[in-house]
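Thanks for sharing this one. Here are a few notes to read alongside the model, in no strict order.

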Amino acid sequence: MISGIGTPHHTMPTREFRNTLFTHLLVAMFGMGSWVAVNSLWVELPVITQILPEAWNLPAYLTVLIAFSNVGPLLVTLAHRFSPGLLNERCLIYSIQALGVISSVALALTWDRIVLIGGERHSVAFLTLAFALAFVCCTSNVTFLPFMFRLSSKYIKTFFVGQGFSAFFPCVAALVQGVGQLECRNSSAANGSQSLQPHYLEESFTASTFFWLLVGLMSISLLSFAGLARKSNSKQHTTHDGKESCQLTTESKPTPKIPAPFCTTRNVYLLILLAVSNALTNGVLPSIQTYSCLPYGSTTFHLAVVLGNLANPLACFIAMFVHSRSSIGLGVLAFLGLLCGVYILTLAALSPCPLLLGSSMGVVLVVSAWMLFTGLFSYVKVVIGSILHEAGHLALVWCGASIQIGSLIGALVMFPLVSVYQLFTSGQACVDICGQ
């Protein structure tokens, strides 16, 4: 009888632990849906540019579409600023995610449809759906993060882990697909001379299959949010009934919580640091990754992409246990990340003959630089998000706005440098132009 009486007391912590662990999983998958669509479009470009009529002008089109899709976060931010309480946050998130799932399904079915406009072939279906998905991703930064204020502050770090997965999952899928793999084969010219020519290998599965995987990821994110919303509602009802359970939301707290002041010098500094971090990680450096890595070989490029994207959720996971709140410390970490970024930019500027080309040390340095660059800035972004969580709902709105503003500025700065003025030079596959 004594052991039977003690059983409920032993099972309660276990049940609470499982509930908390499941909530972490839901939050991670919810965060994963924030940018998984746009990341999937970028990693699949080597495949679809071989089929769509815009060819390698597609990155330029995609950059412009993402820039125009910032009208979404602009409208949401203005609504929060001038009409607080006007937007139903949950309905807005449901609508955004439903639009993402529907657009992903349409993309998988119609991405290769071509339309004649003025006698020229254009992929209107792909570009329209790409804009819809970019609108979803951009708007998620100013809707998903404010919703996280409803949850305990311990879940904000898990949310950023999920955002890291939004880049990692598509990259892994692209690697399994075999995107961009080639081999150099001997080719005989008309005069009998021999030369190496690139031969691109066929992918393991089609772009349509890849986009169906995107549908699955977007659906998982939508279902995860539905689970979080339901747990939030059930928690509120349970608390009103007087039953004991772990705290999930700030809406059902037993005592009112007054958020820390938002308009402080430190918060402004953190928002600026957050915007600069995202300008570098989402705009500046990704646009020149091929120039910094491909001269060392396609294997080096794939390693930098995968390990760099793996460093993102890993850094967010470390931030769950090692949490530095010092403004100076965050500035130092950002400066170290900036040094790695400068090294990467230097390699890109020297392309197609960067430093230590042809040596294993050059490969190790460029892959390590990408890992450290992504990891350090990911840690900084997670810690800043956690600090701003304590400043209230409005702080998280501006947190999302800073992320989006920084990403937009970084993309707009690099687009003319890379695509218009062509300051960076790419190498030629299977051709040694550096005398190595």
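The points below go through salt bridges, a cavity, a surface patch and some backbone details.

1. A word on the source before anything else: this is a predicted model. Please read each of the points that follow with that in mind.

2. Let us begin with the charged pairs. How many salt bridges does a search of the whole structure find? The search turns up 2 salt bridges, and each has a point of its own below.

3. One salt bridge joins the side chains of glutamate 89 and arginine 150, at 3.1 Å from N to O. Glutamate 89 sits in helix H6, while arginine 150 belongs to the loop between helix H8 (144-147) and helix H9 (156-177), so the contact ties together parts that lie 61 residues apart in sequence. Are these two residues buried or exposed? Glutamate 89 is buried, and arginine 150 is buried too.

4. Another salt bridge brings together the side chains of arginine 325 and glutamate 390, with 2.9 Å from N to O. This pair links distant parts of the chain, 65 residues apart: arginine 325 is in the loop between helix H13 (298-319) and H14, and glutamate 390 is in the loop between helix H15 (360-389) and helix H16 (393-420). Arginine 325 is partly exposed, at a relative accessible area of 33%. Glutamate 390 also counts as partly exposed, because its relative accessibility is 34% and that class runs between 20% and 50%.

5. Next, the interior space. The count is 1 cavity of 30 Å³ or more, and the largest cavity holds about 40 Å³ of space. Its lining consists of Gly33, Ser34, Ile96, Gln97, Val136, Ser140, Phe144, Met218 and Ser221. Which elements give two or more residues to that lining? They are helix H6 (89-110), helix H7 (124-140) and helix H10 (207-240). By residue class, the lining of this cavity has 4 nonpolar and 5 polar residues, and no charged ones.

6. On the outside, I would like to point you to a nonpolar patch. Ile328, Val332, Phe335, Leu336, Leu338, Leu339 and Val342 make up this patch on the surface, and together they have about 640 Å² of accessible area. One of them, isoleucine 328, is placed in helix H14 (residues 327-350). Why does isoleucine 328 count as exposed? Its relative accessibility is 67%, and exposed means over 50%.

7. The loop between H14 and H15 deserves a look in your viewer. Proline 352 is found in this loop, and the peptide bond leading to proline 352 from serine 351 is cis, with omega near 10 degrees. Leucine 356 lies in the loop between H14 and H15 as well. Although leucine 356 is not a glycine, its phi is positive, at about 55 degrees. Leucine 356 counts as partly exposed, with 42% relative accessibility.

8. A last backbone detail concerns glutamine 422, in the segment after H16. What is the sign of phi at glutamine 422? Phi is positive there, about 50 degrees, although glutamine 422 is not a glycine. Glutamine 422 counts as exposed because its relative accessibility comes to 57%, where exposed means over 50%.

How values were computed:
Residues are numbered from 1 along each chain as its sequence is written. This is a predicted model: local features need pLDDT of at least 70, side-chain atom pairs count only at pLDDT 80 or more; totals for chains, interfaces and linings use all residues. Side-chain values use heavy atoms; hydrogens and water are left out. On a 1 Å grid over the protein atoms alone, a cavity is a set of points where a 1.4 Å probe fits but cannot get out, and a pocket is an open set with protein on both sides within 12 Å along at least five of seven lines; lining residues have an atom within 4 Å of a point. Grid points are joined across faces, edges and corners, and a volume is the space filled by probe spheres set on the points. Helices (H or I, at least four residues) and strands (E, at least two) are DSSP runs, numbered from the N terminus. Ala, Val, Leu, Ile, Met, Phe, Trp, Tyr, Cys and Pro count as nonpolar, Asp, Glu, Lys and Arg as charged, and the others, Gly among them, as polar. Patches are made of residues with over 30% relative accessible area and no salt bridge: like charges are joined within 9 Å, nonpolar side chains (Val, Leu, Ile, Met, Phe, Trp, Tyr) within 5 Å. Accessible areas come from the Shrake-Rupley method with a 1.4 Å probe; for residues, only the protein chains shown count as cover. A salt bridge is a side-chain nitrogen of Lys or Arg within 4 Å of a carboxyl oxygen of Asp or Glu. Buried means under 20% relative accessible area, exposed over 50%, partly exposed in between (1.4 Å probe, protein chains only).
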